[in-house]
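Q: Could you take me on a close look at one helix in this model and the parts of the protein around it? I am new to reading structures, so please go step by step.

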Amino acid sequence: MYQIKEEKNALRTLYAERRANIDPEKKKKIDEKILNKFMSLATYRYAHTLLLYYPVKGEINIVPLIKKALEDGKRVALPRCEANGAIMYFHYINSLDDLIEGRFGIMEPKEDAELFERQNLCGPTAVIIPALAYDKSGYRLGYGKGFYDRYFSTSGISTVGLIYSDFLADKLPHGRYDIAVDLLVSEKEVRIVGKEV
């Protein structure tokens with residue numbers, strides 16, 4: 001377990017540096033391609049609810065996706081960290097104005113925003129899971145907190161990774177509690193790992 005942790009930390013440094021060095025204009029164009037590819041899929045078109053995140057640290061800019069999903073009448077929820085940052089919950093938003101700067105300097109829903117509850121789902125739901133890198137089996141290299149692995153380990157919600165093709169590795173180290181996403185979308189391809197799109 002210690003060896004996997006060390007491998008992941010080294011890879012986090014590597015991929016974070018690589019991502020920080022992407023030319024901003026090139027990044028903007030690739031981000032648009034990835035979002036357009038995702039929004040053309042049935043996973044997006046038929047989703048009643050989307051669980052998204054506010055991008056930071058050079059992540060793919062999914063703010064246009066948040067806006068489009070709201071315009072399309074979908075329910076949109078973003079994560080909020082509570083209990084000193086140890087627990088993550090998703091809360092619904094109606095616009096970007098419903099977001100405030102949270103504990104880690106990340107924009108998140110206000111404390112009184114309606115809570116997303118898995119047991120009350122009323123239609124197909126998909127979650128975009130942020131990562132520094134993914135491998136071809138759908139395993140992700142996250143930021144080391146384990147929020148998403150814990151939250152979606154038994155959810156039954158369609159899980160999606162949006163990723164730059166250069167950040168799609170053949171294989172990444174993963175432990176027994178790490179979960180793989182069902183679908184990977186890059187600017188070059190859509191890779192089905194689990195469920196149908």
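A: Let's start with the residues of helix H4 that are hidden from the surface: Val63, Leu65, Ile66 and Ala69 are buried. Looking down the axis of H4, you would find these buried residues within an arc of 160°, so they line one face of the helix. Keep in mind as you look that this is a predicted model.

What lies over that face? The cover of the buried residues of H4 includes H2, H3, E1, strand E2 (75-82), strand E3 (87-93) and E6. Just past the end of H4 comes Gly73, whose phi is positive, at about 80°.

Now follow one of those neighbours, helix H2, which runs over residues 24-39. Its 16 residues, at 1.5 Å each, should span 22 Å, and the C-alpha atoms at its ends are indeed 22 Å apart, so the two values agree. The buried residues of H2 are Lys27, Ile30, Asp31, Ile34, Leu35, Phe38 and Met39. They cover an arc of only 165° around the axis, which puts them on the same side of H2. Turn to the face pointing away from that buried side and you meet the exposed residues Glu25 and Lys29.

The buried residues of H2 have several packing partners: helix H3 (42-45), strand E1 (49-51), helix H4 (63-71), strand E6 (125-128), strand E9 (158-162) and strand E11 (183-185). So H4, where we began, appears again here, as one of the elements that the buried residues of H2 pack against. At the N-terminal end of H2, Asp23 acts as a cap, with a side-chain oxygen 3.2 Å from the backbone nitrogen of Glu25.

Did you notice two charged residues among the buried ones? Lys27 and Asp31 are both buried, and their side chains form a salt bridge with an N to O distance of 2.8 Å. Both sit in helix H2, 4 residues apart, which is about one turn of the helix.

Next, go back to strand E2, part of the cover over H4. Here Arg75 forms a salt bridge with Glu114, and their closest N and O atoms are 2.9 Å apart. This pair links distant parts of the chain, since Arg75 is in strand E2 while Glu114 is in the loop between strand E5 (107-109) and E6, 39 residues apart. Arg75 has a relative accessible area of 29%, so it counts as partly exposed. Glu114 is also partly exposed, because its relative accessibility is 46%.

For a contrast, visit Asp135 in strand E7 (residues 133-135). Asp135 is buried but has no salt bridge, and the nearest side chain of opposite charge, that of Lys171, is 6.6 Å away. A polar atom of the Asp135 side chain does lie 3.0 Å from the backbone nitrogen of Ser137. Leaving aside residues up to four places away in sequence, Asp135 touches Leu168, Ala169, Asp170, Lys171, Leu172 and Leu184.

Finally, step back to the whole protein. Its secondary structure comes to 5 helices and 12 strands, and 47% of its 197 residues count as buried. The structure holds 6 salt bridges, including the ones at Lys27 and Asp31 and at Glu114 and Arg75. Of the contacts between residues at least 6 apart in sequence, 67% join residues at least 24 apart.

Conventions: Residues are numbered from 1 along each chain as its sequence is written. This is a predicted model: local features need pLDDT of at least 70, side-chain atom pairs count only at pLDDT 80 or more; totals for chains, interfaces and linings use all residues. Side-chain values use heavy atoms; hydrogens and water are left out. Buried means under 20% relative accessible area, exposed over 50%, partly exposed in between (1.4 Å probe, protein chains only). Lys and Arg count as positive and Asp and Glu as negative; His and the chain ends are not counted. A salt bridge is a side-chain nitrogen of Lys or Arg within 4 Å of a carboxyl oxygen of Asp or Glu. A polar contact is a pair of N or O atoms within 3.5 Å; within protein, one must be able to donate a hydrogen and the other to accept it, and residues adjacent in sequence count only if both atoms are side-chain atoms. Contact means heavy atoms within 4.5 Å. The expected span of a helix is 1.5 Å times one less than its number of residues. The arc is that of the directions from the helix axis to the C-beta atoms.
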